[in-house]
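Below is a short briefing on one protein chain. Keep the sequence and the structure in view while reading the points.

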Amino acid sequence: MKTKRNFLRRSLVPVAALVASGILLVGCTTPSPTPSDSPSASTTAPATTMAPTPTAGATQVAPKDSKEAIAQATAVAKQYWAISDEILNDGGKGSDRINAVAVGQARTFVVDSAANLAEQKITFTGKRGFEATEATSSDLTVTDKSGDKVVKDGFVGLTVCNDVSGVSGTNADGSPAKMSSVLRSINSVEVEFDPAAGKWFVSRYPTPSGVIAC
């Protein structure tokens, strides 16, 4: 299934940080979301490929409005944070757990980070704090065998305050793992509704180009 959404992609620059714990240590690009009650824009981004696998849990119908879309997408983003933390606390094992809430780049980011963590034998304890500070929704065009279908408010972009103050790490030699000096930083996340699966999935967790405190 291919999707198109009217949300322009940001230019991404990798951060030279500890790759294995990237979810915990990264900062963020400067976000520029519109207010959550703003009308959807008309610009359509190039099509991307999504191939989510339906997972356990109750299915949902497409959101009825922007408010419902943002609420549902935020709930899934919180799950993405929580499951990512569980994987990191398990030393990178069982990274396929993220499949329940993520596809595409967002899924690959967690899987690759988990593999790096396991290889370097770095362990983490604790959980991150999650607070969605801004949100915007827009229409999502889904392409399948029957053609294009527009999912009203099927795409949500979130600005999140990522709090790592409750997290600590240990290297393989027992020394403390490198942590960011900014414990509360701004992140961005993109969430899409898949009508075939009847679920929301985090589709992008952009690699930040700098740290912005929140």
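**Strands and their partners**

Leu158 has Val189, a residue of S7, as its bridge partner. That pairing belongs to a predicted model, and the points below are grouped by topic. They cover the strand S5, its disulfide, a polar contact, the helix H2 and the aromatic rings.

**S5 and its neighbours**

- Strand S5 covers residues 147-163, and strand S7 covers residues 184-194.
- S5 and S7 run antiparallel to each other, with 9 bridges between them.
- S4 also pairs with S5 in the antiparallel sense, and here 14 bridges join the two.
- Strand S4 takes in residues 129-144, and with S5 it makes a hairpin that leaves 2 residues between the strands.
- One of the bridges to S5 sets Gly129 opposite Asp163.
- Most of S5 is covered, since 12 of its 17 residues are buried.
- In a regular strand, side chains point to the two faces of the sheet in alternation.

**The disulfide**

- How many disulfides does the structure hold? It holds 1, formed by Cys161 and Cys214 with their sulfur atoms 2.0 Å apart.
- The link of Cys161 and Cys214 is right-handed, with 70 degrees about the S-S bond.
- This disulfide links distant parts of the chain: Cys161 belongs to S5, Cys214 lies in the segment after S8, and 53 residues separate them.
- Is Cys161 buried or exposed? Cys161 has a relative accessible area of 2%, so it is buried.
- Cys214 counts as partly exposed because its relative accessibility is 37%, which falls between the cut-offs of 20% for buried and 50% for exposed.

**A polar contact at Asn162**

- Asn162 is a residue of S5, and its relative accessibility of 1% means that Asn162 counts as buried.
- The side chains of Asn162 and Arg128 are joined by a polar contact of 3.4 Å.

**Helix H2**

- Helix H2 runs over residues 66-89.
- From first C-alpha to last, the 24 residues of H2 reach 34 Å, close to the 34 Å expected at 1.5 Å a residue.
- The N-terminal end of H2 is capped by Asp65, which has a side-chain oxygen 3.3 Å from the backbone nitrogen of Lys67.
- Gly91, just after H2, has a positive phi of about 70 degrees.

**Aromatic rings**

- The whole structure contains 6 aromatic pairs.
- One of them is the tilted pair of Tyr80 and Tyr205, at 5.8 Å centre to centre and 45 degrees between the planes.
- Tyr80 sits in H2 and Tyr205 in the segment after strand S8 (199-204), so this pair, 125 residues apart, links distant parts of the chain.
- Why does Tyr80 count as buried? Its relative accessibility is 1%, and the cut-off for buried is under 20%.
- Tyr205 is also buried, because its relative accessibility is 2%.
- Trp81 and Phe130 make an edge-to-face pair, with centres 5.0 Å apart and planes at 80 degrees.
- That pair, too, links distant parts of the chain: Trp81 is in H2, Phe130 is in S4, and they are 49 residues apart.
- Trp81, at 2% relative accessibility, counts as buried, and Phe130 is buried with a relative accessible area of 19%.
- Through ring pairs, Tyr80, Trp81, Phe109, Phe130 and Tyr205 are linked into a cluster.

Conventions
Residues numbered from 1 in each chain as written. Heavy atoms only, no water. Phe/Tyr/Trp six-rings, centres within 6.5 Å; stacked < 30°, edge-to-face > 60°. Helix = DSSP H or I, 4+ residues; strand = E, 2+ residues; numbered from the N terminus. Buried < 20%, exposed > 50% of the residue type's maximum accessible area, 1.4 Å probe, protein only. Expected span 1.5 Å × (residues − 1). Polar contact = N/O pair within 3.5 Å; in protein donor to acceptor, adjacent residues only side chain to side chain. Disulfide = S-S within 2.5 Å. Pairing = 2+ DSSP bridges.
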